[in-house]
Amino acid sequence: MIKGDTRVHSLYGSPVAHSLSPVIFNTTFEKLSLNRTYVPFEVSIDKLKDAVGAARTLGFDGFNVTMPHKTAIIEMLDRLDDGSEMIGSVNTVARTKRGLVGHNTDGEGAVRALRSYGFEPNNKRILVLGAGGAARALVHRFSRDNNKIKILNRTLDKARNLADNATGPGRISHGELDKNNLENSLHDTDLVVNSTPIRTSSLLSQLKIPFNKLKDTDWVFDLAYDKSSEPLPVGRGTISPLEMLVNQAALSYEIWLNETAPFTLMRSSLVDYLGKDWK
Ligand SMILES: NC(=O)c1ccc[n+]([C@@H]2O[C@H](COP(=O)([O-])OP(=O)(O)OC[C@H]3O[C@@H](n4cnc5c(N)ncnc54)[C@H](OP(=O)(O)O)[C@@H]3O)[C@@H](O)[C@H]2O)c1
């Protein structure tokens, strides 16, 4: 129950109506009898500054940001942790004595999800589609290890910028997300990470690439989770975006509450809500 002293967390994005984060956090808070709540707010680009001001004024106890605010929010915060500063993208904001501090849990959340399927992102060939906030987090995280990464994006400049700015031993190339580049990249890829909002199956259809071109790829990882997808003919399988969602949420929880997250409870909260496990 929300009371006079309930601590408030929130999510700022557009759209947010489809978000499953409120389910994960509110069920977990309730089951643990924590006097906290998590509220999603539809915030357009021109209202983000006001929304961050409101979080300060109203004393929100930390909040998440999602599409399309992960980069724009940076200049509205007081500090960034090292990871989010390097990535140039924030998905978690903590309220601290030193003001609002930006973090990014997407990269580590994705790696934890991949590991839970037995995929260790080291010495792998990884094809990343898209170069937005989520892609930035994942490419920076993958390039910390010895991976061969190729970024394909609709806007070539953004792919180039991401490839040029990532540090670490990972080898990175980039190109435009078009039929030739995508088709030619699929045959020597261990993992396709699709960080565009368009499903991999739809991207292939749009670019007139036959689905069976995926057969030499081991894993496909669509980050978008708002639409159900049909199974793809890949070598090993598909990584669920929901596994990443729970992992990145657990990392946000740890930043806000400064304690180990109840991961199993957070995951089962979502599984119970959906009525089925995704693995
Ligand atoms: N599962 C999870 O836990 C999780 C975590 C983070 C994000 N996500 C999901 O990942 C997706 C991307 O998030 P984001 O924050 O990276 O968004 P973003 O910063 O807005 O980036 C979107 C990217 O997708 C590309 N794109 C957009 N529409 C496209 C289209 N029609 N065809 C081809 N490319 C297109 C954009 O290309 P341009 O550069 O050309 O505009 C850009 O590279 C969202 O669906 C989000 O919900 C999921």
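In the predicted model described here, Pro 15 lies in the loop that runs between strand β1 and helix α1, the latter spanning residues 21-31. The peptide bond that joins Ser 14 to Pro 15 is cis, with an omega of about 5°. A cis peptide bond also joins Met 67 and Pro 68, again with omega at about 5°, and Pro 68 is found in the loop between β3 (63-65) and β4. A further backbone feature concerns Asn 123, whose phi is near 60°, a positive value in a residue other than glycine; Asn 123 belongs to the loop between α4 (106-116) and β7 (125-129).

Strand β1, which precedes the loop of Pro 15, is also part of a sheet. Strands of a sheet pair through backbone hydrogen bonds, and this pairing may be either parallel or antiparallel. In the model, six strands form an open sheet in the order β2-β1-β3-β5-β6-β4, and the pairing within this sheet is mixed. Because β2 (36-42) and β4 (79-80) stand at the edges and have a single partner strand each, one side of each is left without a neighbour in the sheet. The partner of β2 can be described in detail, since β1, made up of residues 7-13, pairs with β2 in the parallel sense over seven bridges. Within this pairing, Val 8 has Thr 37 of β2 as its bridge partner.

The model also contains a ligand, which sits in the largest pocket. Around the ligand there are 23 residues, of which Ala 131, Ala 134, Asn 153, Thr 155 and Lys 158 come nearest. When the residues of this shell are divided by character, eleven are nonpolar, eight are polar and four are charged. Two helices, α5 (133-143) and α9 (241-257), each supply at least two residues of the shell, and the largest share, four residues, comes from α9.

Several polar backbone atoms of the protein lie at short range from the ligand, as the following distances show. A polar backbone atom of Ala 131 is 2.8 Å from an oxygen atom of the ligand, while a polar backbone atom of Gly 133 is 2.9 Å from an oxygen atom of the ligand. For Pro 241, the corresponding atom of the ligand is a nitrogen, which is 3.0 Å from a polar backbone atom of this residue. Of the 930 Å² of accessible area that the ligand has on its own, the protein covers 83%.

Terms used. Residues numbered from 1 in each chain as written. Predicted model: local features only at pLDDT ≥ 70, side-chain atom pairs only at ≥ 80, totals over all residues. Heavy atoms only, no water. Near = heavy atom within 4 Å. Polar contact = N/O pair within 3.5 Å; in protein donor to acceptor, adjacent residues only side chain to side chain. Areas by Shrake-Rupley, 256 points an atom, 1.4 Å probe, with all protein chains shown as cover. 1 Å grid on protein atoms, 1.4 Å probe; cavity = no way out; pocket = protein on both sides within 12 Å on 5 of 7 lines; lining within 4 Å. Sits in = over half its atoms within 2 Å of the grid points. Nonpolar A, V, L, I, M, F, W, Y, C, P; charged D, E, K, R; others polar. Pairing = 2+ DSSP bridges.
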